[in-house]
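Reader: I have a chain open in front of me and would like to go through it with you. Could we begin with the surface and then move inward?

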Amino acid sequence: MNATYLAFAAAITLLIASPGPVVALVIADARRSWPAWTILGGVLSAQILLIAALVLIYLALDLEPVILEWGQVLGGLYLIWLGADGLCGGSEATPHLPRSHVHYFWRAMAVGLSNPKDILFFLAFLPGFILPAQPFAPQAAALIAIWALVDVSILITYSLAARRLASHPRLQQVLDLLPSFFLLALGLVSCGMGINSLVN
């Protein structure tokens, strides 16, 4: 069992460390202040999707693909809007009005939940780490806890790196634009894949 959990931790470390929309938000927010609420929103959104997938595995339910495809299109549109807003200086338009912690939390939650196809990834990925001969609930709890620990650790690492790099003027300019370009690109890809799935 311990070997299974170690393998799970190693696999998800590689997965979570691959930059995604939540990582882009964390990097963008870290250059202004410590992004604790962005990290919390991103981690909780992943936990919600992970728990939903575990419940589906436990109940052996099937999801209607068209629901996930529409969710992917809508999530992609939201990411496009976030990226375009960042590139157009949406966050700089009112610098004298700081945004609340709640804003950063809910924005990260929305971004994390914007691609419900992550549930399909979890449905494909998680069964390899669940032993049928063992009770389901303790295994599910362990996988949830391991994911949360790895997720928080990696997002904190990205935050520390972004804050350190932000002290260099040239890198600051890159950090100003790169996350927005990344969100825009992810949104376009997500939208395109969702539309392609709906059409075919």
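Author: Certainly. This is a predicted model. The accessible surface of the protein chain comes to about 10,800 Å², and carbon and sulfur atoms account for 72% of that area.

Reader: And what percentage of the residues is buried?

Author: Of the 200 residues in the protein chain, 40% are buried.

Reader: How many helices and strands are there?

Author: The protein chain has 8 helices and 0 strands. Read from the N terminus, the order of elements is α-α-α-α-α-α-α-α.

Reader: Let us take helix α2. How many of its residues are buried?

Author: In helix α2, which spans residues 21-30, 9 of the 10 residues are buried, so this helix is largely enclosed by the rest of the structure.

Reader: Which ones are they, in α2?

Author: The buried residues of α2 are Val22, Val23, Ala24, Leu25, Val26, Ile27, Ala28, Asp29 and Ala30.

Reader: Changing topic, where is leucine 143, and is it buried or exposed?

Author: Leucine 143 lies in helix α7, residues 136-165. Its relative accessible area is 0%, which is under 20%, so leucine 143 counts as buried.

Reader: Which residues is leucine 143 in contact with, leaving aside neighbours within four places in sequence?

Author: Apart from those neighbours, leucine 143 is in contact with Tyr5, Phe8, Leu50, Leu126, Phe129 and Ile130. The C-alpha atom of leucine 143 is also 9.7 Å from that of isoleucine 51, a residue 92 residues apart along the chain.

Reader: What about contacts in the protein chain with a separation of 6 or more?

Author: Among those contacts, 89% are between residues 24 or more positions apart.

Methods. Residues are numbered from 1 along each chain as its sequence is written. This is a predicted model: local features need pLDDT of at least 70, side-chain atom pairs count only at pLDDT 80 or more; totals for chains, interfaces and linings use all residues. Side-chain values use heavy atoms; hydrogens and water are left out. Helices (H or I, at least four residues) and strands (E, at least two) are DSSP runs, numbered from the N terminus. Buried means under 20% relative accessible area, exposed over 50%, partly exposed in between (1.4 Å probe, protein chains only). Contact means heavy atoms within 4.5 Å. Accessible areas come from the Shrake-Rupley method with a 1.4 Å probe; for residues, only the protein chains shown count as cover.
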